[in-house]
Amino acid sequence: IVEAGIPPGVVNILSGYGPTTGKPLALHMDVTKVAFTGSTNVGRLIQQYAAQSNLKKVSLELGGKSPLIICEDADLDQAVMSAHIGLFLNHGQCCCASSRLFIQDTIYDAFVAKVVEKSKEINISHGFDPASDQGPQVDKIQFDKIMSYIESGKKEGAKVAVGGERHGDKGYFIQPTIFTDVTDDMTIAKEEIFGPVLSCLKFKTIDEVIERANDTPYGLAAGVCTRDIGRATRIAKA
């Protein structure tokens, strides 16, 4: 900031916890705008604080349950990389993570096998290890939340293709986890997990997958893998 030539005092950085730093800022009468990236629940609180104070402007970038649609004509290797990076980037702690993977039925088994094998390449280690691909989750609260979603997936009938457990016995490390045989009504297919957990869902037709992909309260991001530009444009506009 200094090297860019911004004068002292123009940009101020305050680090702290939500209740002791974020809340006072959102309630402050001299703050005229708040931009927030985080959970839906906290986003609602910030809107409340804005209304309770000076009706300040608010911009929110909240959670997601983003669909990634893999059509039967897609380049499978490229699509696998899209699915892999789209979910496992930053240990799954990404608002626009493509956590709902819709795969056309004709390529479902072959694609799932490739995604599973790719996930096995992930090296789990601490953040100071140059060879680390995935570190720990942010804290114990999030670790416990993710593990509870994994247990929910198992109990509701989804199949664990890989992972599904804690990694090691120290820290908040979780195995990269991929569920198959997931249905739209399962908790892991509806709620944001914010962790390294991928749900694989099967579809037959484009009309069907458009309806299912859009059947969510979230609208942050979406993706499609196909060689047909007309199909891609149609899905993107749906």
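# A guided tour, starting at Q104

Select Q104 to begin, and you will find a residue that counts as buried, because its relative accessible area is 6% and buried means under 20%. This residue is found in strand β4, and the model you are looking at is a predicted one. If you now display what surrounds it, leaving aside the neighbours within four places in sequence, Q104 is in contact with I70, C71, E72, F203 and K204.

**The whole chain**

Zoom out next and colour the chain by its secondary structure, which consists of eight helices and eight strands. The C-alpha atoms fill a box of roughly 60 × 45 × 40 Å, taken along the principal axes, and of the 238 residues in the chain, 40% count as buried. If you show the accessible surface, you are looking at about 13,300 Å², of which 55% belongs to carbon and sulfur atoms. Among the contacts between residues at least 6 apart in sequence, 67% join residues that are at least 24 apart.

**Helix α4**

Select residues 108-119, which make up helix α4, and place a distance marker between the C-alpha atoms at its two ends. These end atoms are 16 Å apart, which agrees with the 16 Å that twelve residues should span at 1.5 Å a residue. Within this helix, now pick out Y108, F111, V112, V115, V116 and S119, which are buried. On which side of α4 do these residues lie? They cover an arc of only 135 degrees around the axis, so they are on the same side of the helix. A rule about helices helps in reading this pattern: an α-helix has 3.6 residues a turn, so residues three or four places apart point the same way.

Keep the buried residues of α4 selected and add the elements they pack against, which are β3 (67-70), α3 (76-88), β4 (100-104), β5 (159-162), β6 (177-180) and β7 (197-203). Strand β4 is also where your starting residue, Q104, is found.

**Salt bridges**

Side chains of opposite charge can pair when their charged atoms come close. A search of the whole structure finds eleven salt bridges, and a few of them make good stops.

Stay by α4 for one of these stops and select E117 and K120, whose side chains meet in a salt bridge with a distance of 3.2 Å from N to O. E117 counts as partly exposed at 47% relative accessibility, whereas K120, at 52%, counts as exposed.

Move on to helix α5 (residues 140-155) and select K140 and D144, which are four residues apart and therefore separated by about one helical turn. They form a salt bridge in which the closest N and O atoms are 2.7 Å apart. Both ends of this pair are partly exposed, K140 with a relative accessible area of 46% and D144 with 35%.

Then select R234 and D207, which form a salt bridge whose closest N and O atoms are 2.0 Å apart. Because R234 lies in helix α8 (residues 229-237) and D207 in helix α7, this pair ties together parts of the chain that are 27 residues apart in sequence. R234 counts as partly exposed at 42% relative accessibility, while D207 counts as exposed at 52%. A further group to display is E151, K154 and E165, which are joined into one network by salt bridges that share partners.

**Helix α7**

Return to D207 and add A238 to the selection: the two are 31 residues apart in sequence, yet their C-alpha atoms are 9.5 Å apart in space.

Now stay in helix α7 (residues 206-213) and select R212. Is this arginine buried or exposed? R212 counts as buried, at 16% relative accessibility. Leaving aside its neighbours within four places in sequence, R212 is in contact with R100, F102, D184, L201, K202 and F203. One of these, F203, is also among the contacts of Q104.

**A patch on the surface**

For the last stop, select I1, I6, V10, V11 and I13, which form a nonpolar patch on the surface with about 480 Å² of accessible area together. Within this patch, look at V11, which is found in the segment before α1 (18-27) and is partly exposed, with a relative accessible area of 40%.

How values were computed. Residues numbered from 1 in each chain as written. Predicted model: local features only at pLDDT ≥ 70, side-chain atom pairs only at ≥ 80, totals over all residues. Heavy atoms only, no water. Expected span 1.5 Å × (residues − 1). Buried < 20%, exposed > 50% of the residue type's maximum accessible area, 1.4 Å probe, protein only. Arc of directions from axis to C-beta. Contact = heavy atoms within 4.5 Å. Patch = residues over 30% accessible without salt bridge, like charges linked within 9 Å, V, L, I, M, F, W, Y side chains within 5 Å. Areas by Shrake-Rupley, 256 points an atom, 1.4 Å probe, with all protein chains shown as cover. Salt bridge = Lys/Arg side-chain N within 4 Å of Asp/Glu carboxyl O.
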